[in-house]
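Here are some short exercises to work through with the model open beside you. Try each task before reading its solution.

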Amino acid sequence: RISGEPIAGAAPKQHLFLYLSLDTEFAPRLSRGAALGKQEVLSFQPEEGVHVGGQVEEVGRFSLFAAARTQGGDPLPLRAWGSAARHHSHLNVAELVAEQLPPQQPQQQQQQHDSRLDLNGLVPSRSRLLVLQLRTSGEPFEIDATLIGGGCGAGGAVGDEECGALLARWSGGALSAEIRSRTDAFHARLASTFG
């Protein structure tokens, strides 16, 4: 879970970029079968969410489900952009995102929202880098990212029912309750140990 709030004094609509990268440059033996790709949103996930499928040959397939919402519970859409180019990696992600967006003029920075600042949504198959974009609504937000080993959807090793149950358990209100429970247990252990 990622929780955040807009930067005070900045424009009411702000953009947050998160990236996933298969770091095959420093693990070359894994690079042969490594790939990321944007998959269809499955029936059990929010329609504004993103389903990323991936695989690393020696590790296997996986799915990552990401969804964003205001702290009030209203869904926020995520956009994606990806690259399969060998020289595109986590080492230069800021420059790559900047290249995807048009240059901003000072007056544009004050506007409520300019859709030209959205990533184009193109994710080539076998991407090595995938960037998610959240356009905040000017209020606190949360993003849940749930990783499921084996992969979900077409070709995945985990069935839709099980994937849906795992996503329900590790996102939204259920995740909030789990975080509170584990935080309370940690503070209780800390107090009993150091009194």
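## Getting an overview

In this predicted model, 38% of the 195 residues of the protein count as buried.

**Exercise 1.** Work out how many helices and strands the protein has, and in what pattern they follow along the sequence.

*Solution.* Start with the totals: the secondary structure comes to 3 helices and 9 strands. Next, read along the sequence, where the pattern is β-β-β-β-β-β-β-α-β-β-α-α. Finally, look at the contacts between residues with a separation of 6 or more: 67% of these come from residues 24 or more positions apart.

## The open sheet

**Exercise 2.** Find the strand order of the open sheet of 3 strands, and decide which strands stand at its edges.

*Solution.* Step one is the order, which is 2-8-7, with antiparallel pairing. Step two is to look for strands with a single partner: strand 2 (15-21) and strand 7 (78-83) each have just one partner strand, so one side of each is left without a neighbour in the sheet. Step three is the twist, which averages 20° from one strand to the next.

**Exercise 3.** Now describe how strand 7 and strand 8 pair, and say which helix packs on the sheet.

*Solution.* Strand 7 and strand 8 (residues 129-135) are antiparallel, paired over 6 bridges. To locate one bridge yourself, pick Ser83, whose bridge partner in strand 8 is Leu129. Then turn to helix 1 (residues 93-100), which packs on the sheet and touches strand 2, strand 7 and strand 8. The direction of helix 1 makes about 60° with that of strand 8.

As a reminder for viewing any sheet, side chains in a regular strand alternate between its two faces.

## The partners of strand 9

**Exercise 4.** Determine how many bridges join strand 9 to strand 1 and to strand 5.

*Solution.* Take strand 1 (residues 2-4) to begin with: this strand pairs with strand 9 (residues 141-149) in the antiparallel sense over 3 bridges. Within that pairing, Ile2 stands opposite Ile143. Move on to strand 5 (residues 60-70), which runs antiparallel to strand 9 and is joined to strand 9 by 9 bridges. Here Thr70 is the residue opposite Phe141.

## An unusual backbone angle

**Exercise 5.** Place Arg126 in the fold and decide whether Arg126 is buried, partly exposed or exposed.

*Solution.* Arg126 lies in the loop between helix 1 and strand 8. Check the backbone: phi of Arg126 is near 65°, a positive value in a residue other than glycine. For exposure, the relative accessible area is 43%, so Arg126 is partly exposed. Last, compare sequence with space: Arg126 and Gly54 are 72 residues apart along the chain, while their C-alpha atoms are separated by 8.4 Å.

## The cavity

**Exercise 6.** Find how many cavities of 30 Å³ or more the structure holds, and which residues line the largest cavity.

*Solution.* Rolling a probe the size of a water molecule over the atoms shows where empty space is left. The structure holds 1 cavity of 30 Å³ or more, and about 30 Å³ of space lies in the largest cavity. Its lining is made of Pro77, Arg79, Asp118, Gln133, Leu134 and Arg135. Sorting the lining by class gives 2 nonpolar, 1 polar and 3 charged residues. Sorting by element instead, strand 8 gives the most, with 3 residues.

Terms used
Residues are numbered from 1 along each chain as its sequence is written. This is a predicted model: local features need pLDDT of at least 70, side-chain atom pairs count only at pLDDT 80 or more; totals for chains, interfaces and linings use all residues. Side-chain values use heavy atoms; hydrogens and water are left out. Two strands pair if DSSP finds at least two bridges between them. Helices (H or I, at least four residues) and strands (E, at least two) are DSSP runs, numbered from the N terminus. Axes are lines fitted to C-alpha atoms, for helices over the stretch in contact, and angles run from 0 to 180 degrees between N-to-C directions. Contact means heavy atoms within 4.5 Å. Buried means under 20% relative accessible area, exposed over 50%, partly exposed in between (1.4 Å probe, protein chains only). On a 1 Å grid over the protein atoms alone, a cavity is a set of points where a 1.4 Å probe fits but cannot get out, and a pocket is an open set with protein on both sides within 12 Å along at least five of seven lines; lining residues have an atom within 4 Å of a point. Grid points are joined across faces, edges and corners, and a volume is the space filled by probe spheres set on the points. Ala, Val, Leu, Ile, Met, Phe, Trp, Tyr, Cys and Pro count as nonpolar, Asp, Glu, Lys and Arg as charged, and the others, Gly among them, as polar.
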